[in-house]
Amino acid sequence: PSYLTWFAVGIALAMYDVRRRSGASAGDRASAIVEEIGRSTGLCWLAAGALFVIASTPIAGPADLTPPTLGAALTKNLLYAVIAGLVILPGVFAPPDDRVIRVLSHRTFRHVGHLSYGLFCVHLIVLELLTEWRGIALFNGRGWELFLLTMVCSLVVCEVLYRVVEVP
């Protein structure tokens, strides 16, 4: 349930986009501002990166798996929801000829997009299995190795799940 705010951001953007495409745009000032910001991929991603840096500080709680205070947990959760919104906002509002949109529209990236929810669902299980298999202690300096292994293995698992479960 604590991740519902993250999904709510995506759902709200999807609903807004459907309304906008059907001609039933809200037309208010806040909507116009959000659309204008969403047209600038660089601005959105720069702001998301800045917020991610803030979310990585003690303001948003401990950097390890120590249980955070309620305030820190809420701060991190809301920061991540805004970060997610800023990352996907250009996908909704950026013009189709935007260079980043053209790159992300490539067949490979679109397919990874189809796998993304599965990746969200399985990556922690894969991460746990890999730490045991490779003897990697979390937060002890082998982060890039663990990240790459987790991504590759998770994408393989997601591809299998996509073809066996989702496509049929």
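A contact here means that heavy atoms lie within 4.5 Å of each other. On that basis, in this predicted model, residues 24 or more positions apart account for 65% of the contacts in the protein chain that have a separation of 6 or more. The protein chain contains seven helices and zero strands, and the structure holds five salt bridges, three of which are described below together with the exposure of the residues that form them.

**Overall architecture**

- Read from the N terminus on, the elements of the protein chain follow the order α-α-α-α-α-α-α, in keeping with a count of seven helices and zero strands.
- Taken along the principal axes, the box filled by the C-alpha atoms of the protein chain is roughly 55 × 45 × 30 Å.

**Surface, burial and charge**

- The protein chain has 168 residues, and buried residues make up 24% of them.
- Its accessible surface comes to about 11,600 Å², and carbon and sulfur atoms contribute 71% of that area.
- The protein chain carries 13 positive and 12 negative charges, and the mean positions of these two sets are 6 Å apart.

**The network around Arg39**

- Side chains of opposite charge can pair when their charged atoms come close.
- Glu35 and Arg39 meet through their side chains in a salt bridge, with an N to O distance of 3.4 Å.
- Arg39 also forms a salt bridge with Glu36, where the closest N and O atoms are 3.0 Å apart.
- The three residues differ in their exposure class: Glu35 is buried, because its relative accessible area of 12% falls under the 20% cut-off, whereas Arg39 is partly exposed at 37%, and Glu36 counts as exposed because its value of 51% is over the 50% limit.

**The salt bridge between helices H6 and H7**

- The side chains of Glu145 and Arg134 form a salt bridge in which N and O are 2.7 Å apart.
- This pair links distant parts of the chain, since Glu145 belongs to helix H7 (residues 143–166) and Arg134 to helix H6 (residues 107–134), with their positions eleven residues apart in the sense that they are eleven residues apart.
- Both partners are partly exposed, Glu145 having a relative accessible area of 25% and Arg134 one of 38%.
- Elsewhere in the chain, salt bridges that share partners join Glu35, Glu36 and Arg39 into one network.

Methods
Residues numbered from 1 in each chain as written. Predicted model: local features only at pLDDT ≥ 70, side-chain atom pairs only at ≥ 80, totals over all residues. Heavy atoms only, no water. Helix = DSSP H or I, 4+ residues; strand = E, 2+ residues; numbered from the N terminus. Buried < 20%, exposed > 50% of the residue type's maximum accessible area, 1.4 Å probe, protein only. Areas by Shrake-Rupley, 256 points an atom, 1.4 Å probe, with all protein chains shown as cover. Lys, Arg positive; Asp, Glu negative; His and termini not counted. Charge placed at Lys NZ, Arg CZ, Asp CG, Glu CD. Salt bridge = Lys/Arg side-chain N within 4 Å of Asp/Glu carboxyl O.
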